[in-house]
Amino acid sequence: MDIFTAARRSEIMRAIKSKDTAPELKVKRALWGSGLRYGRSHANLPGRPDIVFPHLKAVVFINGCFWHGHTCSKARLPKSNIDFWRIKIETNKRRDRRVIKQLRRGGWSCFTIWQCTLGRGTARVAASLSRRRRSLIERL
Ligand SMILES: [Zn+2]
């Protein structure tokens with residue numbers, strides 16, 4: 001038995017889902033610290049990217065290694081229900097590929113930062129976006 005009504009429960013779940021996760025906050029802080037300004041809302045883009053830079057036409061996904069099927073040791077499947085997990089992760093990977101294709105068709109540059117290489121990944125994205133920002137400014 002749930003102590004909340006169905007409506008209240010889905011409200012709570014929505015709030016949890018939309019809250020910034022710790023890795024996301026870390027990346028956001030680092031990028032903001034590099035002078036990169038991201039936008040506020042990104043609910044209307046395919047795949048709901050974690051961070052959107054509208055003026056640079058770039059999006060960033062911060063992927064958990066397990067759920068997005070990274071090729072690192074953190075993404076190893078559990079020993080039980082292995083078929084279930086394999087299908088689940090494969091489905092997620094397919095969706096990720098589809099989303100990126102859709103975004104690229106719309107002219108967006110897509111960056112993925114993996115949780116296992118958060119620091120390095122963030123530095124790489126910051127460098128790339130800073131270069132892009134400079135070249136945009138020079139063209140003005
Ligand atoms: Zn990984």
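Leaving aside neighbours within four places in sequence, leucine 129 is in contact with Leu36, Phe53, Leu56, Ala58 and Phe111. The model in which these contacts are found is a predicted one.

**The nonpolar cores**

Leu129 belongs to the largest nonpolar core, a set of 15 residues, and is one of the four members that touch the most others; Leu31, Phe53 and Val60 complete that group. Five elements each supply at least two residues of this core: helix 2 (22–33), strand 1 (51–53), strand 2 (58–63), strand 3 (109–114) and helix 4 (118–139). Helix 4 contributes the most, with four residues. A second core, separate from this one, has nine residues, among them Leu45, Phe61, Ile100 and Leu103.

**The chain as a whole**

The secondary structure of the protein chain consists of four helices and three strands. Along the sequence these elements follow the pattern α-α-β-β-α-β-α. Further values for the chain are listed below.

| Property of the protein chain | Value |
|---|---|
| Buried residues | 33% of 140 residues |
| Contacts between residues 24 or more positions apart | 53% of the contacts with a separation of 6 or more |
| Exposed area | about 9800 Å² |
| Share of the exposed area from carbon and sulfur atoms | 55% |

**The zinc site**

Which protein atoms are the donors of the zinc ion? They are the SG atoms of Cys65, Cys72 and Cys116 together with ND1 of His70, lying 2.0 to 2.4 Å from the ion. The angles among the four donor atoms run from 101 to 118°, and the site is tetrahedral. For comparison, the ideal angle for four tetrahedral donors is 109.5 degrees. In sequence, the spacing of the donor residues is C-x4-H-x1-C-x43-C.

Cys72 and Cys116 link distant parts of the chain, being 44 residues apart. Cysteine 72 is in the loop between strand 2 and helix 3 (82–105), whereas cysteine 116 is in the loop between strand 3 and helix 4. Cysteine 116 counts as partly exposed because its relative accessibility is 30%, a value between the limits of 20% and 50%.

**Glycine 35**

Is glycine 35 buried or partly exposed? Its relative accessibility is 29%, so glycine 35 counts as partly exposed. Glycine 35 is located in the loop between helix 2 and strand 1. Although 98 residues separate glycine 35 from arginine 133 in sequence, their C-alpha atoms are 10.0 Å apart in space.

Terms used:
Residues numbered from 1 in each chain as written. Predicted model: local features only at pLDDT ≥ 70, side-chain atom pairs only at ≥ 80, totals over all residues. Heavy atoms only, no water. Core = buried A, V, L, I, M, F, W, Y, C linked by side-chain atoms within 4.5 Å. Buried < 20%, exposed > 50% of the residue type's maximum accessible area, 1.4 Å probe, protein only. Contact = heavy atoms within 4.5 Å. Areas by Shrake-Rupley, 256 points an atom, 1.4 Å probe, with all protein chains shown as cover. Donors = N, O, S within 2.8 Å, 3.2 Å for Na, K, Ca; no water. Tetrahedral: all angles 85-135°; square planar, octahedral: opposite > 155°, others 65-115°.
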